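This briefing goes through the fold of one protein chain by topic. Please keep the sequence and the model in view while reading.

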Amino acid sequence: MSKLWYKQPANEWKHGLPIGNGKLAAMIFGGIEVERVALNHEWLWRGENRDRTTEPKSHFLQKVRELLLAGRYAEGTKLANDIFGGPGGISGKQNRVNSYQPAGDFRFLLNRGPVNDYTRELDLTEAVTRVKYMTEQGLVIREYFAHSAEDLLVIRISAYDSKVDGRFWLDRKDDPDCDINYSIIEGRIRLFGRFKEGVEFCIDATFIINEGWITVVNSSTIDIRDSKEILCFLRIGTSNSGNNPLEEIESIPIPEQSWNDILDLHIKEYRRFYNRVILNIDGIIKDEPTDERLQMLKNGIEDIGLPALLFDYGRYLFISSSLRAELPLNLQGKWNEELNPPWECDYHLDINLEMAYWPAEPLGLYELTIPLFDFIRRLVPSAQKAAKDLYACEGVLFPIQTDIWSRATPESYGYDIWIGAAAWLSQHLWWRYEYGRDIDFLSNSVYPFLREVALFYESYVIFDQHGRAQIVPSQSPENRFKEGGDMPVSLCVSSAMDIELAREALTHAIQAAKILNIDKEKCKNWQNIVGRLPVLKIGSEGQLLEWGKEFEEIEPGHRHISHLYGLFPGDIISPEDTQELFDATLISLKKRLAAGGGHTGWSRAWTACCFARAGREKDAWDSLNILLKEYTTDSLLDLHPPGIFQIDGNIGAVTAIIEMLFQSHNNILHFLPALPSKWPNGSLSGICGRGGYTVSFTWAHSRLRKAEIFSKEEKTCIVKGMGQPCTIMDESKNIIPHSLQGDLIEFHISGGSKIIIQVLP
């Protein structure tokens, strides 16, 4: 049952039920006394420091490098941060990243007597939240959704065998930096806001009633009496997207169709994305409320259906943050109630933004990555200036955090001396090509950015006396070692993650250039760097070293596992090609967890992904259940201590489950690589693989039974995970010749065709 449901209203924001369409978002509490609908618009950010920029400081780089190369890490770290680190962080100064802001609240109070049989639910298959209860007059149903085809939030209140009376109003938290005014025009309530730096916004609540009448109470409040049905359409406009807020609102028409037609259009558009992938696990149907199921899990009662529900919920959250979006997901997707949200509710580029898009390609939601790619493109001019100003480099330097103003400035003193963010984001562009095989996209979007990243490495790396290409300054994001001084992050020479990022990004740039038959001389330079990068090192306990040498860790249980990037989300470490490094990554991961690591929702999701990629089904399953038990709210929203919602853990959990059931790296389609033993029977349909594949498959008794493989291109297909003989046919049931070696099957597949694999009993 793909539904979250409860027997009581939410008692705080993070336990509410989120709805959204990418542009607009709301949190639904389901209040009985007073209902609060907390409203957001993706463009509503503060507007200070929108023109911030970097200043030329590259002449200090040589001294920083000398200190780090001499092993004077504390001094080098301190000097680098003093010169290049910017404000924010531990500087005691406010950073210049703007914060994502709540638009306001829509509230209503319905006249009623005692309430019985209360339920609050979010139907993930429809993207509709419903509140139902019985009163002395009869059944009341409240329905809420963010329209998938229009920039509208829609609410319907209906009563059966009675009529609805209620009071409705708009308001916003007290904010000394924001002037608020209200008006009511022809029964429409409007809230106008203006921040001190000039950003303006407007909320419009338009009502359509079936019988009854509307009375104005004051400039922000109306009463509705004796109505059979109340429809409320919420529209929000902001000046940040280049519009006049009121003009933006008035450009959005109020639907004239019936309620059923409005709802049907929304569901149809939403399901066009949600139904691309369907996971079915036998024997998981449970009818208890979600919070009660979660509590039972915390009490030690296993619930094999909750991870499957988390999978569907994560897909819902991603789609609901993206459908009509112009901006990518921030730390909380598109939901926020705070005037001063943690970390400004910004874009963090050292795991959080990337994790929020990990499952987009395998889920076939390629259209929903456009806001991310537009965000990357908008950052390029400022990032080119930052690369030159700070390090005298070509290419781009992305910061560790930023906002909608597309400024690549360091804003986190003590953390921000890191050059890997652009390389990490380039992985998503490369994935889009790997999954979609679109040459025009490779030429026009992927390669231009990969080239910028490669140009940066080409001008940033230095060659030591042994001819090795060293990355310096280098760091492992947000982590530190004992010799690194008092900063929260230690700088070093060629951390494992920086080596892995450089190797991957340069290799992708070379591959893209060869496909496009361009930049042959540049490719020689880039290949030379790849060939001379330091090898990853293994420590005294068999672990993969996080930094260039074996330092004593200050936080052995640190939340980041950046040095394991090559295992996941990268694919340069595998048991097939790099067995020794593969073993070392697992030792590192288990050491990190044994020391208390994985102690945030997103971190636990990342560990689950790593275990899944490594084929460790029990460890991956355990991590998913720890995520559920320790790092989710009653409404299954992911938590970062001390109880802060972040969306990346929800979406990372989706990725972990995909990786447990299907992988497609290294030119192999791998079925059931880490199938949970608790899910012996099930099916997964519509999942996408690298190389232009779409697959659907079923399994029984923990073995693959049948798989259908569609390929966009003609090629040789290699499949792993058979374990026993099979029959391979085309759609006309013609037998396709194949070779079988161990659990690998190899056969030819035509472009635009489907192959069916039937495993023999």
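The radius of gyration used here is taken over C-alpha atoms, and the rule for a globule is 2.2 Å times the number of residues to the power 0.38. For the 761 residues of this protein, that rule puts a compact globule near 27 Å, and because the protein itself has 27 Å, the value agrees with the expectation. The model is a predicted one, and its secondary structure comprises 16 helices and 33 strands.

**Overall dimensions**

- Along the principal axes of the protein, the C-alpha trace spans about 85 × 65 × 50 Å.

**The nine-stranded sheet**

- Nine strands form an open sheet with antiparallel pairing, and their order across the sheet is 1-6-7-8-9-16-13-12-11.
- Strand 1 (3-6) and strand 11 (178-185) are at the edges with a single partner strand each, so that one side of each has no neighbour in the sheet.
- When direction is ignored, neighbouring strands of this sheet are turned against each other by 15° on average.
- At one of these edges, strand 11 pairs with strand 12 (residues 188-195) in the antiparallel sense, and the pairing extends over eight bridges.
- Within this part of the sheet, aspartate 179 has arginine 194 of strand 12 standing opposite.

**Helix 4 and its neighbours**

- Helix 4 lies across four strands of the sheet, namely strand 7 (128-135), strand 8 (138-146), strand 9 (153-159) and strand 16 (229-238), and the helix runs at about 40° to strand 8.
- In describing two packed helices, one gives the angle between their axes and the distance between the axes.
- For helix 4 (residues 259-274) and helix 6 (residues 306-320), the axes come within 10 Å and cross at roughly 120°.
- Helix 4 is therefore oblique to helix 6, since angles of 65 to 115 degrees count as roughly perpendicular and those over 145 as roughly antiparallel.
- The handedness of the crossing between helix 4 and helix 6 is right-handed.
- On the side of helix 4 the contact involves Tyr270, Phe273 and Tyr274, which meet Asp312, Arg315, Tyr316 and Ile319 of helix 6.
- Sorted by class, the residues in this contact of helix 4 with helix 6 are five nonpolar and two charged, with no polar residue.

**The five-stranded sheet**

- A further open sheet contains five strands in the order 24-25-29-32-31, and its pairing is mixed.
- Strand 24 (662-663) and strand 31 (738-741) are the edge strands of this sheet, each of them pairing on one side only.
- The pairing of strand 31 with strand 32 (residues 744-749) is antiparallel and runs over four bridges.
- Histidine 738 has phenylalanine 747, in strand 32, as its bridge partner.

**Backbone exceptions**

- Most peptide bonds are trans, and most residues other than glycine have a negative phi.
- Phenylalanine 568 and proline 569 are nevertheless joined by a cis peptide bond with an omega of about 15°, and proline 569 is found in the loop between helix 12 (520-532) and helix 13 (579-594).
- Another cis peptide bond, with omega about 5°, joins proline 641 and proline 642, where proline 642 is found in the loop between strand 22 (639-640) and strand 23 (644-645).
- Leucine 636, although not a glycine, has a positive phi of about 65°, and this leucine lies in the loop between helix 15 (617-630) and strand 22.

Terms used. Residues numbered from 1 in each chain as written. Predicted model: local features only at pLDDT ≥ 70, side-chain atom pairs only at ≥ 80, totals over all residues. Heavy atoms only, no water. Axes fitted to C-alpha atoms, helices over the stretch in contact; angles between N-to-C directions. Helix = DSSP H or I, 4+ residues; strand = E, 2+ residues; numbered from the N terminus. Parallel < 35°, antiparallel > 145°, perpendicular 65-115°, else oblique. Left-handed = near helix turned anticlockwise from the far one by under 90°. Contact = heavy atoms within 4.5 Å. Nonpolar A, V, L, I, M, F, W, Y, C, P; charged D, E, K, R; others polar. Pairing = 2+ DSSP bridges.
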